Structure formats: structure tokens, C-alpha cells
Amino acid sequence: MKKIRLLLDMSVTEESAGILFALDHVKEQVEVLGISLCFGRVSLESSRRSMGGLLELLGWNTEVALGAERPWRRDYMLPVSDEDVGQAINGLQIDTDRTWPVVSGEDGADFIYRKLSEQGGGKILCAGCLTNLAMLLERYPDAGELIEEIIWCGGTWRHAQLQMVKDYGTFLDPEAAQYVLERKIPLTMCPVDAGEICYLTKEEVDIHMYEKEPVLHQFNRLMKKRWCDANAELPLGQRRRPLPLQDMAAVAAAVAPELCGREMRYGEVDLEGRLTFGMLVIDINNRLNHRPEEMNIGQLAQIDREKAIRKFYMDK
């Protein structure tokens, strides 16, 4: 079986860490060419430490590069956390003090371009802001021809339903997001809303509760910690809220697209609005009458949830 070639571009949080575990679950099908890190809700240094611990646990010998530590064009930054993914007492148990070699002399953009060129192309799964990709496409205009597809954990579909206007993946660096959208590279958007169609129930989370194999044991700890966080505000006895899995939906879109349904949309990032600056606006009903060739986003709209969670979590 020919493996799917995949580059990861990410900020490491408890949510995005699930991507690594899900990919490790199907490692016979996927070749992770490299990982570029970027700032996000946590600092670049925090992502570096967390990635070191995760790679040690998973046993991956994967090249990693430090990418952007601030937005592409703007001077301001939102406050970021410096917490590692292994700091919560009820979460992952990994050593984030481990040191590992960062690719010498290469930033995220150079690293991604080298990896794509060496392999003759590949997919990029991006979990976070699109800063590294904007820098890549500005610096190397031919890079777009090497990118088979960008799978992005970003954007939202129904803002009012989620009671939110801006997702972090866009708002942290809106100019970068808009620049990447304008390049017309095949892009699958796995929005925050993907957690409405890809999720784990409490019973499904607990399927590996007594697992002794180290990686599956830690995968379960991560999922249980996230489930507890999602239910923390509910009274005891009523904590039945499913765990939304935007990260697992993105892995399914990258590795098992046959399990997913996409709808082509047109979208732009608002870079001028006073109240909606940094919001990715999706014309879900095509009220602006864009032609098919103008649609720049393949929005994940459906997923075979049962098959996806078995493939990337429940099956051994």
C-alpha cells in the first residue's frame, strides 16, 4: 500500500496533540514527512517542549522545525500561554524537558519547501494559524504546485450556533489566512463545527480506560481530560456531553477522505470590519453567485463518525 505523504504544521495544544495520536493509530498508512511549529494559543517555545515529549512517547524519528513566533504582517499579538500539554495532573504524562534537534538554519517556510521538493509534493495538515504557509507561498511562489492539498483545522460554519464569531486559527493571523485562501490551492476546511459531526461519547472515550500499552494509555488520558473539560460546567450526574473532535475530523479528511463529504464554498477573511475583523466569512448559500471555479474552500460537511472513531481511536 502506498503511504499518504503528510506534513504537519501546528501549534501544540491538547486539541492538536490528538492529531499525532490519531496518525500514530494508522501509521502503516501515513508517512509524516516533517513537522513545522508555529505560535498559536501557546507560545512557540511551549509547542517545542510539548512536541519533544510527544515524539519521545510515540517513538517518531521525525524532523521538526521552528516556524513563526508572531503574526505574518501585524505587530500585535494576542496573549499566549506557556503551558505544556503535559502539565495537567489528569492529562498527558510526558516528559517535556527532553531536548531534540531542530533543523539547523531553517525556519518553517524553508523547511516545508525543502520537504515538499524532496518528495515531489504532499499534503499539509495545519492545526492553527496559517502563518508558516503564508510565508512559504510568498517566499516560494512555485510551492503551491507542490502542495496537493491543505487540510486546515480552522474557520467556523455556523457562527451564531456556536455563539462565536472568530476562531483562533483565523483570528491569530487573519492576513495570513486570507493570503493562503487567495492562492487557490486545494483546501479542506475542518471548522470548529466539525465537532458536531465527529465526536466521542463518554463510553467511547473509556474504551481504552484499562489499556496498558503506553501510547494507547496516554491517548485515553488525553481524551478523558478533554471530555472532563467539555463537561466541567455541568452538574455531577448530568455530564453526558460528547467530546467534539475537530482534530480527528481533520485527520480523517487527510487520511480517509472516503469517510468525509465536502461542500465547495467561497470564503474571505474580514480585514476591515470594526466588529468582525479577523472573521472568516463563508458564503454557505452562495448568495453572491460565485462561479464554481471561484470556490476556494472545500468545507467538511459530513463524516462517517462510527468508522472514523473506530479507525483513529477505538480499534487496536
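# Exercises on a predicted model

Glutamate 63 forms a salt bridge with arginine 114, and their closest N and O atoms lie 3.3 Å apart. The model is predicted, and the exercises below start from this pair.

**Exercise 1.** Determine which parts of the chain the pair of glutamate 63 and arginine 114 ties together.

*Solution.* Begin by locating each partner: glutamate 63 sits in the loop between α2 and β3, while arginine 114 belongs to helix α3 (residues 108-119), so the salt bridge ties together parts that are 51 residues apart in sequence. Then consider accessibility, where partly exposed means a value between 20% and 50%. Glutamate 63 has a relative accessible area of 32% and is partly exposed, and arginine 114, with 24%, is likewise partly exposed.

**Exercise 2.** Decide whether arginine 49 is buried or exposed, and describe its salt bridge with glutamate 45.

*Solution.* The cut-off for a buried residue is under 20% relative accessible area, and because arginine 49 has 14%, it counts as buried. Glutamate 45, at 36%, counts as partly exposed. The closest N and O atoms of this salt bridge are 3.6 Å apart, and both residues lie in helix α2 (residues 44-58), four residues apart, which is about one turn of the helix.

**Exercise 3.** Describe the salt bridge between glutamate 293 and arginine 291, and name the network that contains Arg49.

*Solution.* For the pair of glutamate 293 and arginine 291, the closest N and O atoms are 2.7 Å apart. Glutamate 293 counts as exposed at 54% relative accessibility, whereas arginine 291 is partly exposed at 46%. Salt bridges with shared partners join Arg49 with Glu45, Arg48, Asp82 and Asp84 into one network. A search of the whole structure finds 29 salt bridges.

**Exercise 4.** Work out which strands stand at the edges of the eight-stranded open sheet.

*Solution.* Write down the strand order first, which is β3-β2-β1-β4-β5-β6-β12-β9, with mixed pairing. The edges are β3 (64-66) and β9 (260-265), each of which has a single partner strand, so one side of each is left without a neighbour in the sheet. On average, neighbouring strands are turned by 25 degrees against each other, with direction ignored. For β9, the pairing with β12 (residues 297-303) is antiparallel and runs over six bridges, and cysteine 260 has isoleucine 303 of β12 as its bridge partner.

**Exercise 5.** Identify which residues touch the most other members of the largest nonpolar core.

*Solution.* This core has 59 residues, and the residues in question are Leu8, Leu23, Ile35 and Phe312. Its largest share, eight residues, comes from α11.

How values were computed:
Residues numbered from 1 in each chain as written. Predicted model: local features only at pLDDT ≥ 70, side-chain atom pairs only at ≥ 80, totals over all residues. Heavy atoms only, no water. Pairing = 2+ DSSP bridges. Helix = DSSP H or I, 4+ residues; strand = E, 2+ residues; numbered from the N terminus. Axes fitted to C-alpha atoms, helices over the stretch in contact; angles between N-to-C directions. Core = buried A, V, L, I, M, F, W, Y, C linked by side-chain atoms within 4.5 Å. Buried < 20%, exposed > 50% of the residue type's maximum accessible area, 1.4 Å probe, protein only. Salt bridge = Lys/Arg side-chain N within 4 Å of Asp/Glu carboxyl O.
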